[in-house]
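Open the model in your viewer and have the selection tool ready. We will go from the whole chain down to single residues, one stop at a time.

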Amino acid sequence: MIEQPGVIGLRELEAPSAGPGEVVVRSRAAGVCRTDLEVLRGELDRRWVRYPCVPGHEWSGEVAEVGEGVEGLSSGDRVVCEGIVPCLSCPRCLAGETNLCQNYDQLGFTRVGGYGELVLAPARIVHRLPQHVSFEAGVLVEPASVVLRALERARLAAGEAVGVVGVGTLGSLAIVLARLAGPARIVAYGIREEELELARRLGADEALDVSAGEPPLGELDLVLETAGAVPAVELSTRLVREGGRVVLLGIAGEGKTLAPVPADRIALRDLELIGSVAYTSAVWARVVALLADRRVDFSPIVTHRFPLAEFERAFDLLENREGIVAKIVLEHAPPG
């Protein structure tokens with residue numbers, strides 16, 4: 001639990017009980033996200049986090065208790081839960097834009113998340129995890145939903161040339177999911193040989209070190225920026241051809257600006273600049289369906305595993321990124 005910015009530790013909490021329309025899920029694995037570090041450091045706007053905070057918006061587990069009126073879920077079911085808890089009644093939810101719900105509520109930020117052993121969640125955000133998918137791979141449903149929504153917004157079509165800037169969790173998933181569209185080629189861009197090696201392993205046709213010199217410019221139809229850095233955004237606007245599309249997925253941080261991008265570059269090169277945040281419930285369901293149909297495999301993206309008690313080691317690894325680091329997972333001990 002993060003008691004307040006800068007103060008974190010393990011703590012016993014009262015076990016939740018499922019009310020009508022709710023389920024209690026026993027968390028088995030939870031992903032470590034850079035946003036968790038930002039919550040720890042107190043860097044997020046206080047609109048989005050409530051202290052004390054139990055993190056964990058990327059996680060999977062087993063149903064432990066089912067509340068009254070819940071259908072289609074039973075104790076022992078393997079599941080993944082959406083992080084965002086949409087109200088389903090505001091204008092944005094009614095338009096299907098559950099990622100922009102005007103009554104913000106989210107597991108791991110305003111509610112207990114998957115770092116907790118037991119998590120209370122509305123049944124409407126709980127999805128069965130396919131039997132052949134491991135709990136640790138299930139952790140990646142959340143970030144994969146973020147990426148799939150971005151690809152759908154960008155209208156990726158077969159035969160297009162795609163660039164992915166940054167090869168962390170989102171970049172790795174972008175390579176895996178973009179391949180489903182049948183692109184002409186996928187080019188990954190990074191600054192560390194380890195991440196470029198991972199990109200090749202995941203299916204990138206080319207993997208270029210941008211710190212070694214200027215890469216070829218103006219050749220790609222679509223670029224997904226996942227690094228969350230201002231220089232990466234600027235580079236992305238030069239990698240695409242005239243009339244191309246750039247999708248911004250990375251979060252650069254409060255106070256960062258796009259000042260390095262010439263004001264006329266977007267208009268004179270006829271570029272489409274697309275911001276994409278989070279996922280909708282509909283996209284989440286599509287990611288689960290892709291896993292169920294065995295069209296994607298997220299397990300190679302899990303590069304590190306730690307027992308929950310060793311969360312400090314996991315946080316340190318994410319911060320310092322030694323070797324190949326994509327998704328780091330904290331594992332709860334099996335029940336019993």
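What follows is a walk through a predicted model, with something to select at each stop.

**Stop 1: the whole chain**

Begin with everything shown as a cartoon. You should find 10 helices and 15 strands in the protein chain. Switch to the C-alpha trace and turn it around: along its principal axes it spans about 55 × 40 × 35 Å. How does the radius of gyration compare with that of a compact globule? For 336 residues such a globule would have a value near 20 Å, and the protein chain, with 20 Å, agrees.

Now try a surface view. The protein chain exposes about 14,600 Å², and carbon and sulfur atoms supply 49% of that area. Of the 336 residues, 54% are buried. The chain also brings distant stretches of sequence together: of the contacts between residues at least 6 apart in sequence, 71% join residues at least 24 apart.

**Stop 2: an aromatic cluster**

Next, select Tyr-115, Phe-311 and Phe-315, which form one aromatic cluster. The structure holds 4 aromatic pairs, and two stops within this cluster are worth making.

Look at Tyr-115 and Phe-315 to begin with. Their rings make a tilted pair, 6.5 Å centre to centre with 50 degrees between the planes. Which parts of the chain does this pair tie together? Tyr-115 lies in the loop between α2 (91–94) and β6 (118–122), while Phe-315 belongs to helix α10 (residues 311–320), so the pair links parts that are 200 residues apart in sequence.

Then move over to Phe-311 and Phe-315. This pair is edge-to-face, with 6.0 Å between the centres and 70 degrees between the planes. Both residues sit in helix α10, 4 residues apart, so about one helical turn separates them.

Are these rings buried or exposed? Tyr-115 and Phe-315 are both buried; the relative accessible area of Phe-315 is 8%. Phe-311 counts as buried too, at 9% relative accessibility.

**Stop 3: a charge over a ring**

Select Arg-78 and Phe-135. The charged end of Arg-78 sits over the ring of Phe-135, 4.6 Å from the ring centre.

**Stop 4: the cysteines**

Colour the sulfur atoms. How many disulfides does a search of the whole structure find? The count is 0. Take Cys-81: the closest cysteine sulfur is in Cys-53, 16 Å away, which is too far for a bond. Cys-81 is buried, at 1% relative accessibility.

Cys-93 is another one to click on. Its nearest cysteine sulfur, that of Cys-101, is 3.7 Å away, and Cys-93 is in no disulfide; the cut-off is 2.5 Å. Cys-93 is buried as well, with a relative accessible area of 8%.

**Stop 5: backbone details**

Finish by showing the backbone atoms. Select Tyr-51 and Pro-52, which are joined by a cis peptide bond with omega at about -5 degrees. Pro-52 is in the loop between α1 (34–41) and β4 (59–66).

Go on to Leu-88, in the loop between β5 (78–81) and α2. Leu-88 is not a glycine, yet its phi is positive, near 70 degrees. At 43% relative accessibility, Leu-88 is partly exposed.

The last selection is Ala-278, in the loop between β13 (272–275) and α9 (281–292). Ala-278 also has a positive phi without being a glycine, at about 60 degrees. Ala-278 is buried, with a relative accessible area of 18%.

Methods
Residues numbered from 1 in each chain as written. Predicted model: local features only at pLDDT ≥ 70, side-chain atom pairs only at ≥ 80, totals over all residues. Heavy atoms only, no water. Buried < 20%, exposed > 50% of the residue type's maximum accessible area, 1.4 Å probe, protein only. Phe/Tyr/Trp six-rings, centres within 6.5 Å; stacked < 30°, edge-to-face > 60°. Helix = DSSP H or I, 4+ residues; strand = E, 2+ residues; numbered from the N terminus. Lys NZ or Arg CZ within 6 Å of the ring centre and 35° of its normal. Rg over C-alpha atoms; globule rule 2.2 N^0.38 Å. Contact = heavy atoms within 4.5 Å. Areas by Shrake-Rupley, 256 points an atom, 1.4 Å probe, with all protein chains shown as cover.
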